[in-house]
Amino acid sequence: SLAAAEGLLQPVESDIIDAAVPALLRDPENRWFAVSQRMRTIMYNPETVDPAELSTYEQLADPMWNGRLCLRPATHIYTISLVGSLIADLGEEEAERIVSGWGANNPQYIDSDTRILETIAAGGCDVGITNHYYLARELSEDPNFPVRPFWANQGEGERGVFRNISGVGVTAAALNVENAVRLIEWMVTDGQAADETGIPGGNFEFPVNPEAASHPIIAEFGEFVINPLPLADYGGVQETAVAILERSGYGF
């Protein structure tokens, strides 16, 4: 969305793309389109955490999690985008209260989702926040990997789990627009395959095309509700998210 706002992408007209990509997963002016979906959610060690203790991102600010969390540092875009979603949904003041609570719980700051999961598995912390596909990668190598996903914010009246995307667009200066559009059309149709021949399947991400199946490993993670806030609403609050992280005591 930031590239579109800077005029770096051009609008695309395609009935194939229109039919394959839901409105929530595209730019309102058709300058970019999602090709796969990644959920950033809660991960836990089932030996030390009862999933009934888990509920929302904001609940991880509760003192019960003091010394038990593994989180990405403030400088990473994964953290910035998640905080941006809190701002967009809950407002700046409440987002800062939550982020301050995370920081007050003395988490281990680990700049790798893979290492967060490995630390949880080794007993170094009980709960973390990672993108779902990192766990799927671990499970593809070791089906007994001892970490489980918990879909955040799924209770009645809750907003749903935070979604990010892998996206694509045609640059404003593109020399071969027709072929670029054909490539995007493939990405959101045949390229949605659930195995390694597809864009989502090859990285254990969720497809954007409602007709496409998910990889069996992530299908086992169960059904969940996704936050319906339009993706474009997150980009405009990233600077505010950085400011909140800087003043809240959250680690860098």
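**Close-up 1. The buried salt bridge of D113 and R40 in the predicted model.** In this predicted model, D113 and R40 are both buried, and their side chains meet in a salt bridge with an N to O distance of 2.8 Å. The pair links distant parts of the chain, since D113 belongs to helix α5 (residues 113-121) while R40 belongs to strand β2 (residues 33-44), and the two positions are 73 residues apart. The model contains 14 salt bridges in total, the pair of D113 and R40 being one of them.

**Close-up 2. The salt bridge of E58 and R159 between two loops.** The side chains of E58 and R159 meet in a salt bridge at 3.0 Å, N to O. E58 sits in the loop between β2 and β3 (69-71), whereas R159 sits in the loop between β6 (148-150) and β7 (162-168), so that distant parts of the chain, 101 residues apart, are linked by this pair. Like the partners in the preceding view, E58 and R159 are both buried.

**Close-up 3. The salt bridge of D126 and R68, and a network of shared partners.** A salt bridge joins the side chains of D126 and R68, with 2.7 Å from N to O. Because D126 lies in the loop between α5 and β5 (127-131) and R68 in the loop between β2 and β3, the pair ties together parts that are 58 residues apart in sequence. D126 has a relative accessible area of 14% and therefore counts as buried, and R68, with a relative accessible area of 18%, is likewise buried. Elsewhere, R40, R72, D111 and D113 are joined into one network by salt bridges that share partners.

**Close-up 4. Helix α6 and its surroundings.** Helix α6 (residues 132-141) is largely enclosed by the rest of the structure, because seven of its ten residues are buried. The buried residues are H132, Y133, Y134, L135, A136, E138 and L139. These buried residues of α6 pack against strands β2, β5 and β6 and against helices α3 (77-90), α5 and α9 (216-219).

**Close-up 5. The packing of helix α3 against helix α4.** Helices α3 and α4 pack at an angle of about 140 degrees, and their axes are 7 Å apart. With the roughly antiparallel class reserved for angles over 145 degrees, this angle makes α3 oblique to α4. The crossing of the two helices is right-handed. On the side of α3, the contact involves L82, V83, L86, I87 and L90, which meet E92, E94, A95, I98, V99 and W102 of α4. By residue class, the contact of α3 with α4 comprises nine nonpolar and two charged residues, with no polar ones.

**Close-up 6. The packing of helix α4 against helix α11.** Helix α4 (residues 92-104) also packs against helix α11 (residues 238-248), at an angle of about 45 degrees and with the axes 9 Å apart. The helices α4 and α11 are therefore oblique to each other, and their crossing is right-handed. From α4, the residues E92, A95, E96, V99 and S100 meet T240, I244, L245, R247 and S248 from α11. The residues of this contact of α4 with α11 divide into four nonpolar, three polar and three charged. E92, A95 and V99 of α4 are among the residues that meet α11, and E92, A95 and V99 are also among those that meet α3.

How values were computed. Residues are numbered from 1 along each chain as its sequence is written. This is a predicted model: local features need pLDDT of at least 70, side-chain atom pairs count only at pLDDT 80 or more; totals for chains, interfaces and linings use all residues. Side-chain values use heavy atoms; hydrogens and water are left out. A salt bridge is a side-chain nitrogen of Lys or Arg within 4 Å of a carboxyl oxygen of Asp or Glu. Helices (H or I, at least four residues) and strands (E, at least two) are DSSP runs, numbered from the N terminus. Buried means under 20% relative accessible area, exposed over 50%, partly exposed in between (1.4 Å probe, protein chains only). Axes are lines fitted to C-alpha atoms, for helices over the stretch in contact, and angles run from 0 to 180 degrees between N-to-C directions. Angles under 35 degrees count as roughly parallel, over 145 as roughly antiparallel, 65 to 115 as roughly perpendicular and the rest as oblique. A crossing is left-handed if the near helix is turned anticlockwise from the far one by less than a right angle, and right-handed if clockwise. Contact means heavy atoms within 4.5 Å. Ala, Val, Leu, Ile, Met, Phe, Trp, Tyr, Cys and Pro count as nonpolar, Asp, Glu, Lys and Arg as charged, and the others, Gly among them, as polar.
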